[in-house]
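Biologist: Please walk me through this model. I will ask, and you will reason each reply through to a value or a name.

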Amino acid sequence: MMLAATNEHVREAEGKLIRGGDVQKVKAAGELDFLKRQKAALEGRMAELEASPEGVTETIAEWLKQEWFNLKQRFEEWVVER
């Protein structure tokens, strides 16, 4: 679910990068970079989660929840700036 939402935000930022004005393109490029890094981090953590013993799973799951919250908050702030 987190990756699906992140992918949707990436598509939105890519659309703004293509169709936006100069200021929108600059903001979209920055957001796109951020989103892609976050997506890679989420994918990496998910891979770790799958390979981890059960005791570590809870810690990684909490990290993923926090990262998802941070990503959503950052994206919402970015949308408000527009």
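What follows is a set of questions and answers on the fold, the helices, the core and the salt bridges.

Biologist: What kind of model is this, and how many helices and strands does the protein chain have?
Modeller: The model is predicted. From the N terminus on, its elements run α-α-α. The count for the protein chain is three helices and zero strands.

Biologist: What does the C-alpha trace span along its principal axes?
Modeller: The extents are taken along the principal axes of the protein chain. They come to about 50 × 20 × 15 Å.

Biologist: Which share of the contacts between residues at least 6 apart in sequence joins residues at least 24 apart?
Modeller: Take the contacts in the protein chain between residues at least 6 apart in sequence. The part of them joining residues at least 24 apart is 62%.

Biologist: How much area does the protein chain expose, and what percentage do carbon and sulfur atoms supply?
Modeller: The exposed area is about 5500 Å². Of the 82 residues, 24% count as buried. Carbon and sulfur atoms supply, of the exposed area, 55%.

Biologist: What should helix α1 span, and what distance separates its end C-alpha atoms?
Modeller: Helix α1 covers residues 2-19, which is 18 residues. At 1.5 Å a residue, the expected span is 26 Å. The model agrees, with the end C-alpha atoms apart by 26 Å.

Biologist: Which residues of α1 are buried?
Modeller: The cut-off for buried is under 20% relative accessible area. H9 passes because its relative accessibility is 16%, and G15 passes at 7%. The full list for α1 is T6, H9, V10, A13 and G15.

Biologist: Why does T6 count as buried, and which residues does T6 contact beyond its neighbours within four places in sequence?
Modeller: T6 lies in helix α1. Its relative accessible area is 0%, so T6 is buried. Leaving aside neighbours within four places in sequence, T6 is in contact with L35, K39, L42, W68 and L71.

Biologist: Which residues does H9 touch, not counting those up to four places away in sequence?
Modeller: H9 also sits in helix α1. At 16% relative accessibility, H9 counts as buried. Beyond four places in sequence, H9 touches L35 and F75.

Biologist: Which residues have the most contacts inside the largest nonpolar core?
Modeller: In soluble globular proteins, nonpolar side chains tend to be buried together. Here the largest nonpolar core has 13 residues. Those with the most contacts inside this core are A13, L35, L71 and W78.

Biologist: Which element gives the largest share of this core?
Modeller: The elements giving two or more residues are α1, α2 and α3. The largest share is six residues. That share comes from α3.

Biologist: Which residues are in contact with W78, leaving aside neighbours within four places in sequence?
Modeller: W78 is among the core residues with the most contacts inside the core. Leaving aside sequence neighbours within four places, its contacts are A13, K16, K27, A28 and E31.

Biologist: How far apart are G15 and N70 in space, C-alpha to C-alpha?
Modeller: G15 is found in helix α1. In sequence, G15 and N70 are 55 residues apart. In space, C-alpha to C-alpha, the distance is 22 Å.

Biologist: How many salt bridges does the structure hold, and which residue pairs with K36?
Modeller: The structure holds four salt bridges. In one of them, the closest N and O atoms of K36 and its partner are 3.9 Å apart, and the partner is E14.

Biologist: Which helices does the K36 and E14 pair link?
Modeller: K36 and E14 are 22 residues apart, in distant parts of the chain. K36 is partly exposed, with a relative accessible area of 44%, and E14 is partly exposed at 29%. K36 lies in helix α2 (residues 22-51), and E14 lies in helix α1.

Biologist: What is the N to O distance between R37 and D33?
Modeller: R37 and D33 both lie in helix α2, four residues apart, about one turn of the helix. R37 counts as partly exposed at 49% relative accessibility, as does D33 at 41%. Their side chains meet in a salt bridge, N to O, at 3.0 Å.

Biologist: Is K65 buried or exposed, and which residue forms a salt bridge with K65?
Modeller: K65 has 53% relative accessibility, so K65 counts as exposed. K65 and its partner both lie in helix α3 (residues 54-81), three residues apart. The closest N and O atoms are 3.6 Å apart, and the partner is E62.

Notes
Residues are numbered from 1 along each chain as its sequence is written. This is a predicted model: local features need pLDDT of at least 70, side-chain atom pairs count only at pLDDT 80 or more; totals for chains, interfaces and linings use all residues. Side-chain values use heavy atoms; hydrogens and water are left out. The expected span of a helix is 1.5 Å times one less than its number of residues. Buried means under 20% relative accessible area, exposed over 50%, partly exposed in between (1.4 Å probe, protein chains only). A nonpolar core is a set of buried Ala, Val, Leu, Ile, Met, Phe, Trp, Tyr and Cys residues joined through side-chain atoms within 4.5 Å. Contact means heavy atoms within 4.5 Å. Accessible areas come from the Shrake-Rupley method with a 1.4 Å probe; for residues, only the protein chains shown count as cover.
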